[in-house]
Amino acid sequence: MAFEPPQRLVRALGETAPSGDDWLEKLPEVAQQAVDLRELTAERVQVPGGRSSLVVLVRRADGTPAVLKLAPRRARPESERAALAHWGGRGAVQLVDAAGGEGVLLLERLHPDVSVRSLPEAKALLEAAGALRRLWVEPPADHVFETVSERTGRQAAAMRGASAEVAPLVNAALEAREELLAAPPEVRLLHGTFRQSKVLAGDRVPWLAVGPDPVVGECAFDLARLVRDRVEDLIATPSGASTTRRRVKRLAESLDVDQERLRGWTLFRAVESGVRALRVGRPRDAELLLEFAGWL
């Protein structure tokens, strides 16, 4: 079969690809090699798929359904492999082949078209929060995962070049980051990019997380991305600002996270995403994210 990358993946990687990067061009050949090496039967490429990897629904030689995932080095697939191995299927999709190969993951098959985002909002937040709680474990003693301080440090450096129009929000986000990093309450292995669409229906467990970009730090950082889920719906609602503040309070209480720390990380992550959207030419996304950040 043809391993044509979905347009969503092409657009997303095009925003971040370094000069001379030819990963997308080589992807069909690499995917075919990965399938042949593992004696897999490819069924279809998952569309629209993700923004950092090609996801192919496959069957193993014995007929067992699985998922083949291929990602470029800049998407940190080996870090994802290490996190999934540490979780061992608790709260997250399981590795089928722990050895894998560079940039290649073979995973258990979930139900790729059914995420908690398909549920009513209140139920979706409840189920997503429950899945996230199971992931917050002690990191391995000898881990090499990026820390929240390191990741947000790179992001903060990029934010400082933002336009004067968004400077007040950027300054508030950077100040919040400095205060939050001064005294983190705990150190846990975090999903890193958690949201409703990252929680899929499974068979051995009703809901399991997929697609981590793992990082080590405090739980409030991980929960912050969930606060702004369905941001387009929040912005379209007259009560969006008050709904957002109630969501911060409800999620903080349900997961035993400090409410002010959650608010601070939600602010930083929303502004960072908004500034990045501006930088890569997505003004509509930037407008939504920065308006949301202003409510915090």
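## Backbone oddities

Start with Pro48, found in the loop between strand S1 (41–45) and S2. The peptide bond leading into Pro48 from Val47 is cis, with omega near 5 degrees. Bear in mind that this is a predicted model.

Two residues other than glycine also turn up with positive phi. One is Glu39, with phi near 55 degrees, and you'll find Glu39 in the loop between H2 and S1. Glu39 counts as exposed because its relative accessibility is 56%, and the cut-off for exposed is over 50%. The other is Arg76, not a glycine either, with phi at about 55 degrees. Arg76 belongs to the loop between strand S3 (65–70) and H3, and its 29% relative accessibility makes it partly exposed.

## The two sides of H1

Helix H1 (residues 7–16) has Leu9, Ala12 and Leu13 as its buried residues. Looking down the axis of H1, these buried residues fall within an arc of 95 degrees, so they line one face of the helix. They pack against helix H2 (23–37) and strand S2 (54–59).

Flip to the face of H1 turned away from that buried side and you meet the exposed residues Arg11 and Gly14.

## The second largest pocket

The second largest pocket comes in at a volume of about 420 Å³. It is lined by 19 residues, and the closest to its centre are Trp23, Val30, Ala71, Glu102 and Gly103.

H2 gives the most to this lining, with seven residues, while helix H3 (77–87) supplies at least two. By class, the lining splits into ten nonpolar, two polar and seven charged residues.

Technical notes: Residues are numbered from 1 along each chain as its sequence is written. This is a predicted model: local features need pLDDT of at least 70, side-chain atom pairs count only at pLDDT 80 or more; totals for chains, interfaces and linings use all residues. Side-chain values use heavy atoms; hydrogens and water are left out. Buried means under 20% relative accessible area, exposed over 50%, partly exposed in between (1.4 Å probe, protein chains only). Helices (H or I, at least four residues) and strands (E, at least two) are DSSP runs, numbered from the N terminus. The arc is that of the directions from the helix axis to the C-beta atoms. Contact means heavy atoms within 4.5 Å. On a 1 Å grid over the protein atoms alone, a cavity is a set of points where a 1.4 Å probe fits but cannot get out, and a pocket is an open set with protein on both sides within 12 Å along at least five of seven lines; lining residues have an atom within 4 Å of a point. Grid points are joined across faces, edges and corners, and a volume is the space filled by probe spheres set on the points. Ala, Val, Leu, Ile, Met, Phe, Trp, Tyr, Cys and Pro count as nonpolar, Asp, Glu, Lys and Arg as charged, and the others, Gly among them, as polar.
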